[in-house]
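Visitor: Please take me through one part of this protein closely, the nonpolar interior and what packs against it. Other parts can follow if they help to place it.

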Amino acid sequence: MSETVVSTRQPAQSSSIGSIRSQQNSQFGLENVANLVTPYAVRVAATLRLADHITDGATDVPTLAQRCGANPKALRRLLVHLASYDVFTERADGGYDVGPVGQQLRSDHPMSMRVLLDLDSFSGKADLSLSGLLESVRTGEPVYPAQHGKPYWEDLVSSPAMGDSFETALDTIVNFSSRSLLRGYDWSTVKRIVDVGGGSGAPLIRLLKKYEHLQATLVDFPQMIERARRNFEAAGVADRASVTPGSYFDPLPPGADAYLLSEVVDQESEENAVRILRRCAEAAGDTGKVMLLQTPVTKSNRAVMTALDLRMLTSVGGQELSVEQYRELFAKAGLKLDTTYPASNITTFSVMLFVCSAA
Ligand SMILES: C[S@@+](CC[C@H](N)C(=O)[O-])C[C@H]1O[C@@H](n2cnc3c(N)ncnc32)[C@H](O)[C@@H]1O
């Protein structure tokens, strides 16, 4: 039998057609990654709480429209589009159920994303600043202040919808990131901790509940401090947790053993991040530690973290960094990185505790 030699080379034309086809078929094809309609439609569904209303029994479009204050014809057009992505599914009677992809739009889902996608929430509103990405890429500055008349954090503390959703979401996020705070580090060596930009107090509450010898001070804007004070009382740790209203760009309460910056440094420009770290370093002196709770950019989380990085750019002017870039940032503030404690082995957001001391 003679051997048949099969050439593996394809004619140039068919190879490029093949590559266009494979791009079109790929979930990362340009049309898919450039699609603005579906993400907006999902966020409108979240804001109108469509999945909650449907779960409560409002499956026909006129009732659904009445419950969420929408135009019935326009609402049907939204549902028809989202049904092609299985966010909702059309029923035999012409109404809609929540589809497999839409389950996380339900508020009662254990991994609910409803609040994060709600266009009035702290997160949905920040995401809308991406419409100014072109301007941010041109200038390197956030567009949120020009879009909303004030910087993001000022807007958040003066808006109950943003503030309440922020607190709810932080609680879930902190639940997850506090693993790295609680695990690894020997907290018995810390008597007093200052949580800088401590928000509603969720990370501190976890620490104070576990370590009864700890005394804590939380620094944040006055409106945020009130939330933290209420939460400390409700958690039964108010006798060991004081609050100091103020800005982290100003001098911090001195002499504590640890200064914690949890999810703060990535919310600021490099210049401002160094200013905050310098404030912590000066208050910590030669003996205190400066600690960061952050998710660094790694090879495995690059797609998620670079998306977050662009959100930071347009909304608050912040940035997401790798461990090496954090190390360089600490050096600019006169700090050296002693140790990192990897958080959890739960993949995407591998939060780390960075522990620094005076260089
Ligand atoms: C992403 S939140 C992190 C909250 C908290 N550390 C946590 O991990 O749950 C950032 C916090 O920084 C606070 N913040 C923003 N600018 C600030 C400033 N200039 N001075 C003090 N706190 C500020 C915000 O109010 C918010 O609570």
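Guide: In this predicted model, the largest nonpolar core has 30 residues. Leu261, Leu277 and Phe330 are the ones with the most contacts inside that core. Several elements give two or more residues to it: the helices are H15 (270–284) and H17 (323–332), and the strands are S3 (192–196), S6 (258–262), S7 (289–294), S8 (335–342) and S9 (352–358). H15 provides the largest share of this core, 8 residues.

A second core, separate from this one, has 26 residues, including Ile193, Tyr211, Phe232 and Leu260.

Phe330 is a useful place to look into the larger core. Leaving out residues up to four places away in sequence, Phe330 touches Leu277, Leu292, Leu335, Leu337, Phe354 and Cys356. Phe330 is also one of the buried residues of H17, together with Tyr326 and Leu329. These buried residues lie on the same side of H17, because they cover an arc of only 100 degrees around the axis. Among the elements that cover them are H15, S7, S8 and S9. Just after H17 comes Gly334, which has a positive phi of about 75 degrees.

Next, a loop residue that reaches H15 by a different route. Pro253 sits in the loop between S5 (241–245) and S6. Pro253 has a relative accessible area of 17%, and therefore counts as buried, the cut-off being under 20%. Apart from its neighbours within four places in sequence, Pro253 contacts Arg192, Val194, Thr217, Val219, Thr244, Tyr259 and Ala283. One of these partners, Ala283, is 30 residues away from Pro253 in sequence, yet the C-alpha atoms of the two are 6.5 Å apart.

The loop between S8 and S9 holds Ser350. Ser350 is partly exposed, at 24% relative accessibility. Ser350 and Ser300 are separated by 50 residues in sequence and by 9.8 Å in space, taken from C-alpha to C-alpha.

Two sites earlier in the numbering can be set beside these. The first is a pair of helices, H5 (residues 61–68) and H6 (residues 72–83), whose axes come within 9 Å and cross at roughly 105 degrees. H5 is therefore roughly perpendicular to H6. On the H5 side the contact is made by Val61, Leu64, Ala65 and Cys68, and on the H6 side by Pro72, Leu75, Arg76 and Leu79. By class, that contact has 7 nonpolar residues, 1 charged residue and no polar ones.

The other site is Arg114, in helix H7 (residues 114–117). Arg114 is buried, with a relative accessible area of 5%. With residues up to four places away in sequence set aside, Arg114 touches Ala46, Thr47, Arg49, Asp52, Gln104, Leu105 and Ser107.

As for the whole chain, its secondary structure amounts to 17 helices and 9 strands. Of the 359 residues in the protein chain, 45% are buried. Among contacts with a separation of 6 or more, 63% join residues 24 or more positions apart.

Terms used:
Residues numbered from 1 in each chain as written. Predicted model: local features only at pLDDT ≥ 70, side-chain atom pairs only at ≥ 80, totals over all residues. Heavy atoms only, no water. Axes fitted to C-alpha atoms, helices over the stretch in contact; angles between N-to-C directions. Helix = DSSP H or I, 4+ residues; strand = E, 2+ residues; numbered from the N terminus. Parallel < 35°, antiparallel > 145°, perpendicular 65-115°, else oblique. Contact = heavy atoms within 4.5 Å. Nonpolar A, V, L, I, M, F, W, Y, C, P; charged D, E, K, R; others polar. Core = buried A, V, L, I, M, F, W, Y, C linked by side-chain atoms within 4.5 Å. Buried < 20%, exposed > 50% of the residue type's maximum accessible area, 1.4 Å probe, protein only. Arc of directions from axis to C-beta.
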